[in-house]
Amino acid sequence: MLNKTLYLRPQENILTHNELVEKWEKLTNKTLEKVHISAQDFLASMKDVDIALQGVVARIYHIYYEGCLMNFEIGEGGGEASKLYPDVRYTRVHEYLQRDL
């Protein structure tokens with residue numbers, strides 16, 4: 001790993017926002033009211049706002065609609081920690097969600 005990037009991205013913890021909400025709903029036996037907004041409608045919402053807020057909306061779009069933080073392959077310039085260090089136990093999302101129940 002010398003001169004490479006170490007990614008902390010265990011496979012079991014790569015979830016969409018909807019998958020995360022679904023896990024929380026199952027653990028708590030509660031259902032959240034959801035309003036689905038198409039990508040086009042979401043982007044259209046920034047048409048009449050100032051440039052600073054447009055930047056915020058654009059970042060939210062890239063994260064939640066495009067999945068840019070997790071939707072990429074780890075190339076030869078890096079490695080994923082749970083594969084490189086299989087003996088280290090990491091906290092899975094469902095375990096983390098259960099801590100407050």
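Is Glu12 buried, partly exposed or exposed? Glu12 is partly exposed, with 45% relative accessible area. The views below come from a predicted model.

**View 1. Overview of the annotated region.** The UniProt record, an unreviewed entry, places the feature "domain: NmrA-like" at residues 4-97. Over residues 4-97, helix accounts for 45% of the chain and strand for 6%. The C-alpha atoms at the two ends of residues 4-97 are 31 Å apart. Across the whole structure, a search returns 4 salt bridges, and the count of aromatic pairs is 3.

**View 2. Salt bridge between Arg92 and Glu12.** The two side chains form a salt bridge with an N to O distance of 3.0 Å. Arg92 belongs to the loop between helix 4 (81-84) and helix 5 (93-98), and Glu12 to the loop between strand 1 (5-7) and helix 1 (17-28), so the contact ties together parts that are 80 residues apart in sequence. Arg92 has a relative accessibility of 21% and counts as partly exposed. That value is just outside the buried class, because buried means under 20%. Glu12, at 45%, is partly exposed as well.

**View 3. Salt bridge within helix 1.** Glu22 pairs with Lys26, and their closest N and O atoms are 3.9 Å apart. This distance qualifies because the cut-off for a salt bridge is within 4 Å. Both residues lie in helix 1 with a spacing of 4 residues, about one turn of the helix. An α-helix has 3.6 residues a turn, so residues three or four places apart point the same way. Glu22 is partly exposed at 44% relative accessibility, whereas Lys26 is exposed at 61%.

**View 4. Salt bridge between Glu25 and Lys34.** The closest N and O atoms of Glu25 and Lys34 are 2.5 Å apart, and the two residues form a salt bridge. Glu25 is buried, with a relative accessible area of 13%. Its partner Lys34 is partly exposed, with a relative accessibility of 39%.

**View 5. Buried side of helix 1 and the residue after it.** Helix 1 has 12 residues and spans 17 Å from its first C-alpha to its last, close to the 16 Å expected at 1.5 Å a residue. Val21, Glu25 and Thr28 are the buried residues of helix 1. They cover an arc of only 80° around the axis, and therefore lie on the same side of helix 1. Just after helix 1, Asn29 adopts a positive phi of about 55°.

**View 6. Aromatic cluster of Phe42, Tyr61 and Tyr65.** Ring pairs link Phe42, Tyr61 and Tyr65 into a cluster. Among the 3 aromatic pairs in the count, Phe42 and Tyr65 make a tilted one, with 5.1 Å from centre to centre and 35° between the planes. Phe42 lies in helix 2 (residues 39-44) and Tyr65 in helix 3 (residues 51-65), so the pair ties together parts that are 23 residues apart in sequence. Phe42 counts as buried at 16% relative accessibility, while Tyr65 counts as partly exposed at 33%. The rings of Tyr61 and Tyr65 have centres 5.5 Å apart and planes at 20°, so this pair is stacked. Tyr61 and Tyr65 are 4 residues apart in helix 3, about one helical turn. Tyr61 is buried, at 16% relative accessibility.

**View 7. Two faces of helix 3.** Helix 3 contains 15 residues and reaches 20 Å from its first C-alpha to its last, close to the 21 Å expected at 1.5 Å a residue. Gly55, Val57 and Tyr61 are buried in helix 3. Their arc around the axis is only 170°, which puts them on the same side of helix 3. The face turned away from the buried side of helix 3 carries the exposed residues Ala52, Arg59 and Tyr64.

**View 8. Arginine charges over aromatic rings.** The charged end of Arg9 sits over the ring of Phe72, at 4.4 Å from the ring centre. In another such contact, the charged end of Arg99 sits over the ring of Tyr96, at 3.8 Å from the ring centre.

Terms used: Residues are numbered from 1 along each chain as its sequence is written. This is a predicted model: local features need pLDDT of at least 70, side-chain atom pairs count only at pLDDT 80 or more; totals for chains, interfaces and linings use all residues. Side-chain values use heavy atoms; hydrogens and water are left out. UniProt positions are given in the numbering used here, feature names are shortened, and annotations may be inferred rather than shown by experiment. Buried means under 20% relative accessible area, exposed over 50%, partly exposed in between (1.4 Å probe, protein chains only). Rings of Phe, Tyr and Trp (its six-membered ring) pair if their centres lie within 6.5 Å; planes under 30 degrees apart count as stacked, over 60 as edge-to-face and the rest as tilted. A charge sits over a ring if NZ of Lys or CZ of Arg is within 6 Å of the ring centre and within 35 degrees of the ring normal. The expected span of a helix is 1.5 Å times one less than its number of residues. The arc is that of the directions from the helix axis to the C-beta atoms.
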